Amino acid sequence: MAAGTSIVPVAVTAAVAPVLSTNSDFSDLREIKKQLLLIAGLTRERGLLHSSKWSAELAFSLPSLPLAELQPPPPITEEDAQDMDAYTLAKAYFDVKEYDRAAHFLHGCNSKKAYFLYMYSRYLVRAILRCHSAFNEASIFRTSGKVKSFK
């Protein structure tokens with residue numbers, strides 16, 4: 001009986017979760033619009049702002065969908081629920097471009113969404129540091145044999 005009970009929520013969750021279609025038929029504009037709206041939301045959630053903007057612009061160019069055809073938001077998993085507080089705080093830091101703080105609060109989180117934001121934040125911190133160090137090297141110039149720096 002316990003095994004049957006644990007299987008039922010998984011089956012219900014799988015039936016409700018939005019799934020990206022692998023069908024490459026572009027004749028069904030309603031399905032394309034649904035997929036673009038889903039992608040726009042998922043990429044925005046993960047901080048992929050340009051991808052979200054691009055998807056939203058494409059979705060905007062297609063005719064509106066009736067309320068009955070809109071997909072429900074993805075269900076929250078148990079891992080998402082456990083990491084919700086840390087993820088919410090980290091996402092707020094991420095949105096104001098405090099990537100190192102976002103990564104700090106996401107360290108040790110188990111959900112896929114939190115892990116993605118953690119790794120993306122760490123990547124952006126390193127990219128910014130690389131740009132700053134390149135800028136500092138470029139701001140040094142030589143005059144009469146001495147190295148000077150703008151600081």
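**Figure 1. Lys 113 lies over the face of Tyr 87, at 5.3 Å from the ring centre.** Welcome to the first close-up of this predicted model. Lys 113 sits in helix H6, which covers residues 112-138. Is Lys 113 buried or exposed? Its relative accessible area is 19%, so with the cut-off for buried at under 20%, Lys 113 counts as buried.

**Figure 2. Lys 113 also forms a salt bridge, and its partner is Glu 45.** Here the closest N and O atoms are 3.5 Å apart. What does this pair tie together? Lys 113 belongs to helix H6 and Glu 45 to helix H2, so the bridge connects parts that are 68 residues apart in sequence. Glu 45 has a relative accessibility of 28%, which means it is partly exposed.

**Figure 3. Glu 45 forms a salt bridge with Arg 46 as well.** For this pair, the closest N and O atoms come at 3.4 Å. Arg 46 has 24% relative accessible area, so this residue is partly exposed. If you'd like to hunt for others, the structure holds six salt bridges.

**Figure 4. Lys 34 and Glu 69 make a salt bridge, with 3.9 Å between the closest N and O atoms.** Which parts of the chain does this pair link? Lys 34 is in helix H2 (residues 29-45), while Glu 69 is in the loop between H3 and H4, and the two are 35 residues apart. Lys 34 is buried, at 19% relative accessible area, whereas Glu 69 is partly exposed, at 24%. Look for Arg 30 too: Arg 30, Lys 34 and Glu 69 are joined in a network of salt bridges.

**Figure 5. Leu 37, Leu 67 and Leu 70 make a nonpolar patch on the surface.** The patch comes to about 300 Å². Where do you find Leu 70? Follow the chain to the loop between helix H3 (49-60) and helix H4 (78-95), and there it is. With a relative accessible area of 40%, Leu 70 is partly exposed.

**Figure 6. Phe 94 and Tyr 99 form one of the five aromatic pairs that a search of the whole structure finds.** Why is this pair called edge-to-face? The ring centres of Phe 94 and Tyr 99 are 5.1 Å apart and the planes meet at 65°, so the pair falls into the edge-to-face class, which takes planes over 60 degrees apart. Both rings belong to buried residues: Phe 94 has 6% relative accessibility, and Tyr 99 has 12%.

**Figure 7. Ring pairs link five residues into a cluster: Phe 94, Tyr 99, Phe 116, Tyr 120 and Tyr 123.** This view puts Phe 94 and Tyr 99 back among their neighbours in the cluster. Try stepping from ring to ring to trace how the pairs link up.

**Figure 8. Stepping back, the chain has six helices and two strands.** How do the elements run from the N terminus on? The order is α-α-α-α-α-α-β-β. Of the 151 residues in the chain, 23% are buried. Among contacts with a separation of 6 or more, 54% join residues 24 or more positions apart. The chain exposes about 11,200 Å², and carbon and sulfur atoms supply 64% of that area.

Terms used: Residues numbered from 1 in each chain as written. Predicted model: local features only at pLDDT ≥ 70, side-chain atom pairs only at ≥ 80, totals over all residues. Heavy atoms only, no water. Phe/Tyr/Trp six-rings, centres within 6.5 Å; stacked < 30°, edge-to-face > 60°. Buried < 20%, exposed > 50% of the residue type's maximum accessible area, 1.4 Å probe, protein only. Lys NZ or Arg CZ within 6 Å of the ring centre and 35° of its normal. Patch = residues over 30% accessible without salt bridge, like charges linked within 9 Å, V, L, I, M, F, W, Y side chains within 5 Å. Areas by Shrake-Rupley, 256 points an atom, 1.4 Å probe, with all protein chains shown as cover. Salt bridge = Lys/Arg side-chain N within 4 Å of Asp/Glu carboxyl O. Helix = DSSP H or I, 4+ residues; strand = E, 2+ residues; numbered from the N terminus. Contact = heavy atoms within 4.5 Å.
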